[in-house]
Amino acid sequence: MILLSRRIKLESDMEFVKNQERFKTSSEKVQISSQTSNQTIKKKKKFVNDKVATCFFNSKLLLLNNETSLALNLLRYSSNCDSYNGYVLDALNEALRKLGKFDESEKVAQKNFLYNYSIDRCFELAQIYFLKNQDEEALKLYFDCLSHVVENQSQLFEIYKNVGNIYVKLKEFDLAEEYFYKAYQMDMNSDLLIVNIGVLEFQKEDIQKATDCFRRAIEINKNNDKAWVGLAMTHLEFGDKELCWGNLIKALDVNPVNKTALILLSQLFNQSERNQQCKKLLIEYLEHHNFDEEISLLLIQNLIFAGDYQNAFLECFKSHLWNPENKEIASVYVELNKLMVGGK
């Protein structure tokens with residue numbers, strides 16, 4: 001009887017413990033659910049209404065899955081409804097930049113910078129100005145960033161590197177060297193930075209140092225097409241056109257739309273036995289950038305040298321129709337037209 005009583009009590013105690021555990025688990029679930037719900041509510045409060053919030057969060061998922069065009073549609077709607085929302089404008093700017101819509105991206109970033117200032121947004125707008133070669137505006141915003149403590153190290157590296165690039169273009173070589181050095185101290189194995197330093201040395205006419213930089217960049221990343229172009233330029237300075245040709249071809253193997261490599265190649269070898277190879281590369285480029293007038297003119301010159309006046313006239317006619325204001329192409333068109341009429 002005593003044993004039975006103890007057994008009943010033990011079972012009762014065990015049942016109580018189980019109930020307590022069930023209650024605890026249930027309570028934890030409710031608490032977690034409540035926390036998640038609160039976080040969602042807090043996030044939604046950042047938007048003008050639930051519909052905008054839903055569109056925004058769906059657009060972020062689309063961006064993560066590289067569905068940028070679809071994300072852009074949702075973000076355009078969100079920005080129309082919630083015009084000054086920093087989160088929406090950040091995402092909209094990201095989508096526009098991914099799609100190469102830099103003019104529109106610039107307007108969005110300017111608005112966001114004006115109404116929702118932060119170092120990140122200042123940096124984003126500076127990057128857009130830098131990509132569009134608006135050097136004065138970019139420099140001003142980069143220095144705005146540097147007037148604060150920039151905690152993001154990759155961001156700080158980009159600022160130093162790009163400020164150095166701007167000073168190279170302005171031929172302020174001492175200042176360029178100063179900022180490149182700051183960037184180099186942060187990352188000594190950046191092939192992009194080492195190419196930039198090589199360009200600086202080339203501009204300073206220290207061709208050997210420039211050559212060493214371009215070779216070092218290629219050692220780090222053999223697919224850096226800009227490093228191959230830089231090396232081609234140094235070989236040309238040393239009078240070695242064969243190595244120059246090989247380096248430019250390598251650059252175009254890595255990146256078939258490297259315009260600098262293609263222009264150098266055509267200018268140097270259009271009127272040579274390599275004319276046909278140049279023509280092939282020019283045509284391949286124009287298949288991707290059909291109305292690039294500069295490359296089109298190089299192809300026209302290539303065809304004229306080869307005596308292919310018919311195709312030269314057709315290419316010239318296309319470019320002239322596209323932009324009648326281009327005086328250089330217009331002049332060639334007039335001369336080819338006379339030749340074609342005379343030939344008939």
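At what angle do helix α14 (residues 259-269) and α16 pack, and how far apart are their axes? The angle is about 25°, and the axes sit 11 Å apart. Keep in mind that this is a predicted model. Overall, the protein has 18 helices and 0 strands, and 40% of its 344 residues count as buried. Among contacts with a separation of 6 or more, 49% are between residues 24 or more positions apart.

**Helix α14 against α16**

- With an angle of about 25° between them, α14 and α16 are roughly parallel to each other, because angles under 35 degrees count that way.
- The crossing of α14 past α16 is left-handed.
- On the α14 side, the residues involved are Lys259, Leu262, Ile263, Ser266 and Gln267, and they meet Glu294, Ile295 and Leu298 in α16.
- Sorted by class, that contact holds 4 nonpolar, 2 polar and 2 charged residues.

**Helix α16 against α17**

- Helix α16 (residues 293-305) also pairs with helix α17 (residues 309-322): their axes come within 8 Å and cross at roughly 160°.
- Since angles over 145 degrees count as roughly antiparallel, that is the label for α16 and α17.
- This crossing, too, is described as left-handed.
- From α16, the contact draws on Glu293, Ser296, Leu299, Ile300, Leu303 and Ile304.
- From α17 come Tyr309, Asn311, Ala312, Glu315, Cys316, Lys318, Ser319 and Trp322.
- The class split for α16 with α17 is 8 nonpolar, 3 polar and 3 charged.

**Helix α3 against α4**

- Helix α3 (residues 68-81) and helix α4 (residues 86-98) have axes that come within 9 Å and cross at roughly 145°.
- α3 goes past α4 in a left-handed crossing.
- The α3 residues Thr68, Leu72, Leu75, Arg76, Ser78 and Ser79 meet Val88, Ala91, Leu92, Ala95, Leu96 and Lys98 of α4.
- Here the contact breaks down into 7 nonpolar, 3 polar and 2 charged residues.

**Nonpolar cores**

- The largest nonpolar core has 72 residues, and the members touching the most others are Tyr142, Val163, Phe180, Leu248, Leu262, Leu265 and Ile295.
- Helix α8 (residues 153-169) supplies the largest share of this core, with 8 residues.
- Apart from this one there is another core of 15 residues, including Ala53, Leu63, Leu89 and Leu96.
- Pick out leucine 248 and skip its neighbours within four places in sequence: what remains in contact is Val229, Ala232, Ala261, Leu264, Leu265 and Leu268.

**Two residues to click on: leucine 282 and methionine 233**

- Leucine 282 belongs to helix α15 (residues 275-288).
- Leucine 282 has 0% relative accessibility, so it counts as buried, the cut-off being under 20%.
- Not counting residues up to four places away in sequence, leucine 282 touches Leu262, Ser266, Asn270, Ile295, Leu298, Leu299 and Asn302.
- Serine 296 is 14 residues from leucine 282 along the chain, and their C-alpha atoms are separated by 7.9 Å.
- Methionine 233 is part of helix α12 (residues 225-237).
- At 29% relative accessibility, methionine 233 counts as partly exposed.
- Leaving out neighbours within four places in sequence, methionine 233 is in contact with Phe202 and Leu264.
- The C-alpha atoms of methionine 233 and asparagine 247 are separated by 8.9 Å, with their positions 14 residues apart along the chain.

**Backbone oddities in loops**

- As background, most residues other than glycine have a negative phi.
- Asparagine 133 goes the other way, with a positive phi of about 60° although it is not a glycine.
- You'll find asparagine 133 in the loop between α6 (119-131) and α7 (135-146).
- Asparagine 133 has a relative accessible area of 53%, so it is exposed, given that the cut-off is over 50%.
- Glutamate 205 likewise has a positive phi, near 70°.
- The loop between α10 (191-203) and α11 (207-220) is where glutamate 205 sits.
- Glutamate 205 is exposed too, at a relative accessible area of 67%.

Conventions:
Residues are numbered from 1 along each chain as its sequence is written. This is a predicted model: local features need pLDDT of at least 70, side-chain atom pairs count only at pLDDT 80 or more; totals for chains, interfaces and linings use all residues. Side-chain values use heavy atoms; hydrogens and water are left out. Helices (H or I, at least four residues) and strands (E, at least two) are DSSP runs, numbered from the N terminus. Buried means under 20% relative accessible area, exposed over 50%, partly exposed in between (1.4 Å probe, protein chains only). Axes are lines fitted to C-alpha atoms, for helices over the stretch in contact, and angles run from 0 to 180 degrees between N-to-C directions. Angles under 35 degrees count as roughly parallel, over 145 as roughly antiparallel, 65 to 115 as roughly perpendicular and the rest as oblique. A crossing is left-handed if the near helix is turned anticlockwise from the far one by less than a right angle, and right-handed if clockwise. Contact means heavy atoms within 4.5 Å. Ala, Val, Leu, Ile, Met, Phe, Trp, Tyr, Cys and Pro count as nonpolar, Asp, Glu, Lys and Arg as charged, and the others, Gly among them, as polar. A nonpolar core is a set of buried Ala, Val, Leu, Ile, Met, Phe, Trp, Tyr and Cys residues joined through side-chain atoms within 4.5 Å.
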